[in-house]
Amino acid sequence: MLFGRNKKNPITIADKGVTEWRYATCGYCSTGCSIEVGLDAEGEPVASRGVADADVNRGKLCIKGIFEHELFRKTAGRGDTPLMRANRWDDFSPTSWDAALDRTGAEIKRIQEDHGRDAFAIVSTGQIMTEEFYTLGKLARGVIGTNNYDGNTTLCMSSAVSGYKRSFGSDGPPGCYDDFEHTDCLLAFGSNLPEQHPIIYWRLQQVREQRKFPIIVVDPRVTQFAQNADIHLPVAPGTDLVLLNALAHVILEEGLEDRAWIEAHTNGYDEFAGLVEQYDPVTASRICGIDEDTIRNVARLYGKAGAAMTIWTMGINQSTHGSDGVVAINNLNLITGNIGKPGGSSLSITGQCNAMGTREWSSCSGLPGYRALENEQDRQDIAAFWGIDPEFFPEKRGMFMTDILPAIETGQVKGLWLIATNPMTSMANTPRIRKTLEKLEFLVVQDAYRDVETNAYSHVFLPAAVWAEKEGCFTNTERRVNLIRNVCEPHGESRTDLWIFNQVARRFEQGRRMNFPETAEGVFDELKELSKGRMLDYSGMSYDKIETNRGIQWPCNEDTTPEGSQRLYTDGVFQYPGGKAKLIALPFIDNNEHPDADYPFWLNSGRVVEHFHTRTRTGKVGNANKFSPTPYMEMNPDAAAELGIGHGSYARLTSRRGDAVVMVQCTQRVSRDMVFVPFHYHECVNRLSLGLLDPHSRQPAYKQCAVHIEAADDQAAAAERNRAARAF
Ligand SMILES: Nc1nc2c(c(=O)[nH]1)N[C@H]1C(S)=C(S)[C@@H](COP(=O)(O)OP(=O)(O)OC[C@H]3O[C@@H](n4cnc5c(=O)[nH]c(N)nc54)[C@H](O)[C@@H]3O)O[C@H]1N2
Ligand SMILES: Nc1nc2c(c(=O)[nH]1)N[C@H]1C(S)=C(S)[C@@H](COP(=O)(O)OP(=O)(O)OC[C@H]3O[C@@H](n4cnc5c(=O)[nH]c(N)nc54)[C@H](O)[C@@H]3O)O[C@H]1N2
Ligand code: SF4
Ligand SMILES: [Mo]
């Protein structure tokens, strides 16, 4: 009302003295928010803001994005100069780039000469630029020539990749955020969208404020997403496949499938139908813990919806049947005709900012642009493009990250180069990983932060520039290629990952003969050329066009789809020869470690909104770190009371692998037989986790193992904190 207007406290936005805004894409999660970083008159980054006309985030950012410019100023723990030590147990000494790179090149050659090309392994990430991924792939596959080359995406997305390939003949999420506008039913498996992808969740909420449709969340925990859902299915850990088979059972039993679509676009129906026949809701309910009527209800909602979509994240991928879980989701959508249509999709919500970029271009699982080492034509094409002998390539992919580490134990792998990943904190069974890393003859760590825990085991540390200290592209969950402009100079003597890869290439004769463009845009031109006419088509993009459009979804071709494409498979033609997708029969095999008398609790793990992974970044940003500064677990109050453990006290968790002490947060978010521990803290949940591997994707089942819990006194807790403190 008018009379009150002048009396209100006006909201004042601090004037940070911004004189210029530069365009970027957020460097944390895979939502892919467009962000602008404000520079003051001295060129210092002083603010971040969401880009209003960007379709992804429409001006919004979450708590991590809004403070992202602080990364450039909070430089504690940043690598400012290359470091080297003669032996792993010596202290580091600062050194020159030439010395660090010469030693790296020489050690790679020595190990390969002594033990064979594959004895030197490379493991990268989902967090560098696409152009950097492509360049690393060229170096690993075309110059160094090791087949033991993979990324941390095996901890994260490989089940989705494997599931897409098995169902559709190719990787590539077929849907987009716009599907929320068209869907009549949304099913979400093992995904806590409001915390892990806050802006995707905001997009979903925007739609729901205007139009009602059911949201069904499948998660053993009562997450924020579950709290806000219409139906929450607290599935028994690791049994989603049973639930999915049972949903398909009901759909077929009640004739809710799309017969014509199945006939026209799929193979394998009979075997699939025969298998799901066995998963009647009564039998299934005894395994997956969801009652018969609820299974029937959800199947009917999904089967009868005009358009229905499924999204999922780590609750599915990080499982011993992660790949099968993804295929089962695809099965559900194939039988209901929900692929390639607005609001009908199997949309894997990806994880890291550029988890997609590495899938597309890093050559980790094959050759660039969704090409396969197993395909002779692909080998020949890439060899010709790079100017090398096709015989140099192996004819099938080598080990996954989760097999490379054990291969160090057996002596098969002697040297390792880690790029932007921190396995000492993020891989299961930390005590074993430590022993593994100690066994290496040579470890080089290339990271933006020298205090990354894995660096304690390295011989050489290469300091890298982070995020908008460099230029290049990320691809988000909905296949949108978006741009990061160079906002400021790399910290200290750190260098872009692109520069580092190019320098390493020069240390090899074959690398000197090949063309390694020096600028990110020069590399991007190669991607465009290599992708022309393929499903993964970048050829109609340019940096300027990407910035103007606030990201472009591939396929983008100058002639047919100049503005990009929201969806894949709109014509129902899949990437298998013959164009049909596969319905696959998936028997459930329960091979998890289960709670028992000695270890009576399920240990579940994941994330919280304010932290990102192993906290190398968010642990330094006050406004992120202050909300969860201490390792903690969610525990059911009744279970805690039974063990004499109070809210806010400490407890010791013990598994067959190790132990950890955490603060206790009593909450009904978890059931009496389960605890949840965020994995962001060093020497914490992954000291306990088992990480059994999925047979197809080799992804670890981080979310299922068994622990014993007891009260811990304050002294034990203090000792634990000291142990967890960063070593340097
Ligand atoms: N704030 C923040 N956001 C992030 C990240 C971050 O570190 N911090 N990381 C990014 C990355 S790389 C990723 S991969 C994503 C991960 O995003 P999410 O997968 O959404 O996050 P998580 O917390 O790992 O796991 C999600 C849920 O899986 C549930 N779950 C556990 N076991 C099962 C099961 O057997 N079945 C089902 N259905 N659910 C289960 C857990 O209870 C948990 O609530 O987040 C991205 N976004
Ligand atoms: N128990 C349990 N464990 C888990 C999970 C879980 O849910 N539970 N989730 C798994 C998942 S999904 C993931 S994705 C992994 C993540 O595991 P990690 O990849 O090990 O985690 P990050 O902390 O993101 O490590 C990335 C590193 O890259 C560095 N970095 C950032 N930007 C750059 C750059 O531009 N260049 C270079 N060179 N370095 C850079 C960061 O400083 C950081 O050290 O953890 C897995 N581990
Ligand atoms: S939702 Fe993800 S991409 Fe968007 S601002 Fe937050 S962390 Fe960044
Ligand atoms: Mo991830």
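1. A good place to start is the shell around ligand 1, which by class holds ten nonpolar, 17 polar and seven charged residues. Please keep in mind that this is a predicted model. Of the 34 residues around ligand 1, Asp-219, Gly-238, Asp-240, Arg-607 and His-611 come nearest.

2. Where does ligand 1 lie with respect to the domains? Domain 3 (158-348) and domain 4 (601-726) both contribute residues to its shell, so ligand 1 lies between them. Among the helices and strands, α7 (193-196), α15 (314-317) and β21 (601-606) each supply at least two residues of that shell.

3. Next, look at the polar contacts of ligand 1. A polar side-chain atom of Asp-240 is 2.7 Å from a nitrogen atom of the ligand, and a polar backbone atom of His-611 is 2.5 Å from a nitrogen atom of ligand 1. Taken alone, ligand 1 exposes 910 Å², and the protein buries 100% of that. Ligand 1 sits in the second largest cavity.

4. Now for ligand 2, whose space is the largest cavity. Two or more residues of its shell come from each of β15 (442-447), β21 and α28 (685-688). Domain 2 (90-156 + 356-518) and domain 4 (601-726) each give at least three residues to the shell around ligand 2.

5. Finally, try the contacts of ligand 2. An N or O atom in the side chain of Thr-614 lies 2.5 Å from an oxygen atom of ligand 2, while a polar side-chain atom of Lys-703 is 3.1 Å from an oxygen atom of the ligand. Taken alone, ligand 2 exposes 920 Å², of which the protein buries 99%.

Methods: Residues numbered from 1 in each chain as written. Chains lettered and ligands numbered in written order. Predicted model: local features only at pLDDT ≥ 70, side-chain atom pairs only at ≥ 80, totals over all residues. Heavy atoms only, no water. Near = heavy atom within 4 Å. Polar contact = N/O pair within 3.5 Å; in protein donor to acceptor, adjacent residues only side chain to side chain. Areas by Shrake-Rupley, 256 points an atom, 1.4 Å probe, with all protein chains shown as cover. 1 Å grid on protein atoms, 1.4 Å probe; cavity = no way out; pocket = protein on both sides within 12 Å on 5 of 7 lines; lining within 4 Å. Sits in = over half its atoms within 2 Å of the grid points. Helix = DSSP H or I, 4+ residues; strand = E, 2+ residues; numbered from the N terminus. Nonpolar A, V, L, I, M, F, W, Y, C, P; charged D, E, K, R; others polar. Domains from an automatic or database assignment.
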